Amino acid sequence: MAAMVEGAVVRQGHLRKLKTMKKKYFVLRAETSECSARLEYYESEKKFRSGAAPRRVLLLKSCYNITRRLDLKQKHVIALFTKEEQLCIVAENEQDLHAWLTAILKQFRTDDASDELLHPIQHVWQVNVQKKGLGASKNIQGLYNLCLTDKTLALVKIKSLNNVISDLGIPERVEYSLKNIRRCGDSECFFYMEVGRQTATGAGELWMHSDDSNIAQSMHSTIYHAMRNCAKETENEKDHIVISNKNLMEGSHPLPARRQTYSDGRGRAGFYNGREGDDTDWDEMMRG
C-alpha cells in the first residue's frame with residue numbers, strides 16, 4: 001500500500017503545552033488530496049528532522065473552534081477545541097502567537113464550511129456543570145465547553161475516554177438563544193445563568209464551576225455584553241429578558257452573587273448588588 005502523501009509544512013517551531021509548560025516542536029501541515037490539514041508535535045526538533053513519528057497529530061477538521069484565550073495567566077495562548085478535549089499551546093511572545101494563530105486559522109478554514117460558521121464561536125470556556133437546578137432536573141452535568149456566538153450560548157459536552165455519554169443520558173449539546181437568558185452572574189469560581197421557559201430545557205438555573213474567580217468574572221462580563229448587544233438588535237426585548245428586584249430577593253433560592261446583571265424589560269441593563277460577605281444562602285444552596 002502506498003504511503004499517504006504528507007502535506008507541505010506551513011509553519012514549524014517550538015511552542016509550549018499549557019498543561020505542562022514543556023517545550024515541544026510543533027509542525028503545521030497543509031491539506032492534501034489524501035489527508036486533512038493537521039497540527040503535529042514532536043519531543044524535539046531532532047526527532048522531527050530524523051523522520052520519527054510525531055507524538056501527537058490533531059486534525060484541524062476535528063476542531064469546532066480555534067481561538068486565542070485571554071482569560072488565563074499566560075498571555076500568549078492558542079486553544080484548539082474538539083469534542084473530546086482542549087489543546088492549549090503557548091507562544092513566546094505576541095508576534096509569535098499572531099503568526100501561529102493566523103497560519104492555523106488559514107488551514108482550518110480551508111475545510112468545508114458548516115452552518116455554524118455563519119455565526120462563528122467567539123469565546124469558549126471549559127466548565128463543570130453542577131448538579132443543581134437544571135443541571136439536576138435535566139441531567140446536564142460534568143465537563144462541558146461553554147461556547148458563545150453573537151446569537152447563542154451552547155454547552156458542548158467534553159466526551160470522557162470511555163465515551164459513555166449516551167448511556168448516562170447526558171445531553172451532548174444544549175443551546176440557548178441569548179434572547180432567552182434572563183440573567184447571569186458570578187460568585188467566587190462559579191458562573192450561573194437563569195433561562196426562560198421558551199428554551200429546550202424550560203425555565204431554570206444552571207451553575208457552572210470554572211478554574212478560578214477571574215475566569216468566572218470574565219465569563220460573566222463577556223456573556224452579559226453579548227446579551228446586551230443581542231437585545232439591541234431585537235424589537236421585542238421584554239418578551240425574553242425580564243426580571244425585577246422583588247423576584248431576586250423573594251425567590252425560593254436567593255442568589256448571593258458578587259455581581260448580577262439584569263434588565264427591567266425596557267432594555268435598561270444594570271447590576272444588582274447582593275449582600276456582600278453573607279455566605280449563608282450560598283452554603284445552603286451548594287449543599288442542597
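**Exercise 1. Find the strand that pairs with β8 over two bridges, and work out which sense the pairing has.**

Start with β8 in this predicted model. Look for its two-bridge partner: that's strand β14, residues 204-209, and the pairing is antiparallel. Next, pin down a residue pair: Asn128 has His209 as its bridge partner in β14.

Now turn to β9. β8 covers residues 123-129 and β9 covers residues 142-148, and seven bridges hold these two together, again in the antiparallel sense. For a residue pair here, take Trp125, which sits opposite Leu146 of β9.

**Exercise 2. Write down the strand order of the open seven-stranded sheet, then say which strands stand at its edges.**

Step one is the order: β4-β3-β2-β1-β7-β6-β5, with antiparallel pairing. Step two is the edges: β4 (56-59) and β5 (65-69) each have a single partner strand, so one side of each lacks a neighbour in the sheet. Step three is the twist: on average, neighbouring strands here are turned by 35° against each other, direction ignored.

Then zoom in on one pairing inside that order. β1 (residues 9-17) and β7 (residues 86-90) run antiparallel and are joined by two bridges. Lys17 is the residue to click on, as it stands opposite Ile89 in β7.

**Exercise 3. Which strands does helix α2 lie across, and at what angle does it run to β1?**

Select residues 94-108 to get α2. Going through the strands, you'll find the helix lying across β1, β2 (23-29), β3 (38-42), β5, β6 (77-81) and β7. For the angle, compare the helix with β1: you should get about 130°.

**Exercise 4. Is Asp186 buried or exposed, and what does its side chain touch?**

First place the residue: Asp186 belongs to strand β12, residues 181-187. Then check its accessibility: the relative accessible area is 0%, and the cut-off for buried is under 20%, so Asp186 is buried. Finally, follow the side chain: Asp186 makes a polar contact with the side chain of His220, at 2.6 Å.

**Exercise 5. How many disulfides does the structure hold, and are Cys147 and Cys230 buried or exposed?**

Recall what you're hunting for: a disulfide is a covalent bond between the sulfur atoms of two cysteines. The count for this structure comes out at zero. Now the two cysteines: Cys147 has 4% relative accessibility, so it counts as buried. Cys230 also has a relative accessible area of 4%, so Cys230 is buried too.

Terms used:
Residues are numbered from 1 along each chain as its sequence is written. This is a predicted model: local features need pLDDT of at least 70, side-chain atom pairs count only at pLDDT 80 or more; totals for chains, interfaces and linings use all residues. Side-chain values use heavy atoms; hydrogens and water are left out. Two strands pair if DSSP finds at least two bridges between them. Helices (H or I, at least four residues) and strands (E, at least two) are DSSP runs, numbered from the N terminus. Buried means under 20% relative accessible area, exposed over 50%, partly exposed in between (1.4 Å probe, protein chains only). A polar contact is a pair of N or O atoms within 3.5 Å; within protein, one must be able to donate a hydrogen and the other to accept it, and residues adjacent in sequence count only if both atoms are side-chain atoms. Axes are lines fitted to C-alpha atoms, for helices over the stretch in contact, and angles run from 0 to 180 degrees between N-to-C directions. Contact means heavy atoms within 4.5 Å. A disulfide is a pair of cysteine sulfur atoms within 2.5 Å.
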